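Student: Please show the sequence and the structure, so that we can examine them together. I shall ask about one topic at a time.

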Amino acid sequence: MEMDKLVSLCKRRGFLFQSSEIYGGIQGFWDYGPLGVELKRNIKNAWWHDMVSGHDELTQLPGAPSTYEMTGLDCTIIMHPQVWKVSGHYDLFHDFMVDCRTTKRRYRYDQVRGRWANAKGQRIFVATIVETAAEHEDTQRRAMKFFKLRAKNAEQLEFEDAFLSLTEIENMHDVLGPDAKELGTLTAPREFNLMFKTIIGALAGEEGTAFLRPETAQGIFVNFKNVLDSTRVKLPFGIAQTGKSFRNEITPRNFTFRSREFEQMEIEFFCHPDDSSKWYQYWRDRRMNWYTALGLAAERLILREHAEDELSHYSTGTADIEYAFPFLPAGEYGELEGIAHRGDFDLRSHMEGKLDPNSNPLVLELDEHGKPKHRGSGKDLSYRDDLTGEKYIPHVIEPSAGADRATLAFLCEAYTEDEQPDEKGNMQKRIVMKLHPRIAPIKAAIFPLVKKDGMPELAKKIYANLKQHFNVFYDEKGAVGRRYRRQDEAGTPYCITVDGQSVADNTVTIRDRDTLEQIRVNVEEVLAEIRSRIG
Ligand code: GAP
């Protein structure tokens with residue numbers, strides 16, 4: 001599937017719009033349209049139901065080391081700045097970036113690639129940020145332009161073998177930046193913290209500085225004790241949260257895949273340190289199965305264990321669930337969700353030390369190893385087992401998913417083109433979004449075949465009845481074939497048609513979006529039929 005086709009369908013049918021589009025848009029921010037908001041909400045609801053509200057804490061689930069409890073939270077986006085100091089985000093959550101002095105563009109250092117080109121006795125490194133599939137053409141075109149070569153003397157240009165990362169290039173003077181026309185316009189790499197800053201109250205300056213959360217996880221850790229004290233929850237248990245997170249990504253790209261404002265669906269699962277490896281295994285499998293149950297093809301998903309040097313500062317083991325997004329070159333995958341073994345890093349960090357009320361929380365203090373000093377709350381965040389009397393700091397397994405990435409993956413997976421006969425039997429190209437019925441924005445559309453003979457009245461009655469249970473849509477305009485096509489593009493799994501026979505015998509047809517099979521059922525059975533098919 002070509003990504004352009006999906007992007008255009010998303011705009012045309014109201015799944016996704018660029019934020020502030022009438023002002024030219026703003027990079028890295030996306031709005032969900034009328035269909036998109038339903039789709040994303042259904043995904044988040046499915047996650048919340050399957051992981052939290054529908055979780056059966058009395059039954060040991062397959063693969064789980066024991067039974068466990070699940071509960072939820074909804075925390076603020078802006079938290080005490082000390083949270084981010086203690087979590088490590090203030091000091092360590094950064095990317096390296098390079099700026100172009102002439103175009104004023106900024107690039108993530110590790111995302112710029114390029115290759116050495118030789119012509120007219122000069123050797124230059126032609127840098128690019130276009131996708132791997134197109135980088136050959138991009139560097140060739142720009143090198144030709146730089147050396148002022150025409151197609152007829154293209155043989156004067158020679159490229160050295162491999163594409164390299166900019167991080168491997170020692171001398172920036174030889175680099176032709178991704179959008180530059182001259183050499184040496186890129187700055188040396190600099191650290192860039194990804195947290196968005198804001199000001200609380202009327203205080204300008206450092207005292208009023210706060211951050212938009214870059215992850216929802218910290219709200220859970222700082223409320224760990226509150227949850228223990230206000231519920232009768234016992235270890236092992238998980239606390240879940242969905243909500244917006246913000247990261248000032250240097251190069252947002254690939255539609256919503258890397259955005260600056262996005263939504264996360266995170267679980268912090270607290271367990272005894274001795275059991276943490278088993279729980280890590282359990283959550284990796286559990287989360288992988290969730291995506292396939294909702295329709296992602298197993299052959300387009302992988303579970304990738306992080307190498308030692310890839311692990312975040314808090315993690316002793318992380319596996320990513322990755323999906324073969326169509327904007328990536330064949331064989332490459334993009335992260336949907338990370339499942340991290342965080343050990344006791346977070347609770348211990350928030351617990352240790354004591355905040356000095358006179359110190360500026362944003363001034364970095366290093367320990368003798370040059371690492372940021374922990375200055376936590378000084379509160380006891382350990383757990384005491386009432387049965388054994390053992391007191392310990394729980395270990396944490398964190399399945400952390402992105403709601404927008406999941407939505408994008410489901411959209412990519414659903415996009416299908418096929419050919420179907422129209423009313424006259426002529427084959428017509430059809431675009432159909434094969435979304436799983438559970439997450440489809442509209443569950444069923446109701447059509448009177450024609451706008452007369454009592455058909456609209458009966459169709460409206462069915463609509464009013466179903467609307468109390470699901471999101472359904474009524475449409476009486478235009479040829480019925482065109483109405484089917486519109487619903488196929490919206491991903492609506494079932495179309496209910498009221499025809500001449502319906503008025504006579506109180507039956508309607510239900511058309512299945514994927515098989516195109518039509519069955520006739522009594523009007524009284526429509527609700528049960530649709531409900532059983534949605535699952
Ligand atoms: N609490 C751990 C954590 O935040 P992460 O791997 O940085 O881990 C978790 O993020 C998930 O959040 C990712 O797997 C991805 O689905 C989503 N995510 C992260 N950055 C994102 C971005 N810039 N745009 C969209 N989704 C993002």
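**Charged pairs, ligand shell and aromatic rings**

Student: Is Arg430 buried or exposed, and what is its relative accessible area?
Tutor: Arg430 belongs to the buried class. Buried means under 20% relative accessible area, exposed means over 50%, and partly exposed lies in between (1.4 Å probe, protein chains only). The relative accessible area of Arg430 is 1%.

Student: What should be known about the origin of the model and its rules?
Tutor: Residues are numbered from 1 along each chain as its sequence is written, and side-chain values use heavy atoms, with hydrogens and water left out. The model is predicted: local features need pLDDT of at least 70, totals for chains, interfaces and linings use all residues, and side-chain atom pairs count only at pLDDT 80 or more.

Student: Which residue forms a salt bridge with Arg430, and where does that residue lie?
Tutor: A salt bridge is a side-chain nitrogen of Lys or Arg within 4 Å of a carboxyl oxygen of Asp or Glu. Arg430 meets Asp418 in this way, at 3.0 Å from N to O. The pair links distant parts of the chain, twelve residues apart, with Arg430 in strand β23 (residues 427–433) and Asp418 in strand β22 (residues 415–421); helices (H or I, at least four residues) and strands (E, at least two) are DSSP runs numbered from the N terminus. At 19% relative accessibility, the partner also counts as buried; its name is Asp418.

Student: Which residues are joined into one network by salt bridges that share partners?
Tutor: Two residues of each charge take part, as their names show: the network holds Lys40, Lys44, Glu263 and Asp404. The count of salt bridges by the rule comes to 41.

Student: How many residues apart in sequence are the parts that Glu489 and Arg12 tie together?
Tutor: Glu489 and Arg12 form a salt bridge whose closest N and O atoms are 2.9 Å apart. Glu489 lies in helix α12 (residues 480–490) and Arg12 in helix α1 (residues 3–12), so the pair ties together parts that are distant in sequence. Glu489 is buried at 14%, whereas Arg12 is partly exposed at 46%. The separation in residues is 477.

Student: Which of the two residues in the salt bridge between Asp99 and Arg106 is buried?
Tutor: Their side chains meet at 2.8 Å, N to O. Arg106 is partly exposed, with a relative accessible area of 35%. With 12%, the buried residue is Asp99.

Student: Which residues come nearest to the ligand?
Tutor: A residue counts as near if one of its heavy atoms lies within 4 Å of the molecule. Of the 21 residues around the ligand, those that come nearest are Glu215, Arg247, Ser259, Glu266 and Glu335.

Student: How much of the ligand's accessible area does the protein cover?
Tutor: A nitrogen atom of the ligand lies 2.6 Å from a polar side-chain atom of Glu215, and an oxygen atom of the ligand lies 2.5 Å from a polar side-chain atom of Glu335. On its own the ligand has 550 Å² of accessible area (Shrake-Rupley method, 1.4 Å probe). The covered share is 91%.

Student: Which element gives the most residues to the shell around the ligand?
Tutor: By class, the shell has six nonpolar, five polar and ten charged residues. Asp, Glu, Lys and Arg count as charged, Ala, Val, Leu, Ile, Met, Phe, Trp, Tyr, Cys and Pro as nonpolar, and the others, Gly among them, as polar. With five residues, the element that gives the most is β18.

Student: What is the angle between the ring planes of Phe257 and Phe325?
Tutor: The count of aromatic pairs comes to 25, where rings of Phe, Tyr and Trp (its six-membered ring) pair if their centres lie within 6.5 Å, and planes under 30 degrees apart count as stacked, over 60 as edge-to-face and the rest as tilted. Phe257 and Phe325 form an edge-to-face pair with centres 5.2 Å apart. Phe257 is buried at 10%, and Phe325 counts as buried at 1%. The angle between the planes is 75 degrees.

Student: Where does Phe255, a residue with positive phi, lie?
Tutor: Most residues other than glycine have a negative phi, and most peptide bonds are trans. Phe255 has a phi of about 60 degrees although it is not a glycine, and at 12% relative accessibility it counts as buried. Its place is the loop between β14 and β15.

Key
A polar contact is a pair of N or O atoms within 3.5 Å; within protein, one must be able to donate a hydrogen and the other to accept it, and residues adjacent in sequence count only if both atoms are side-chain atoms.
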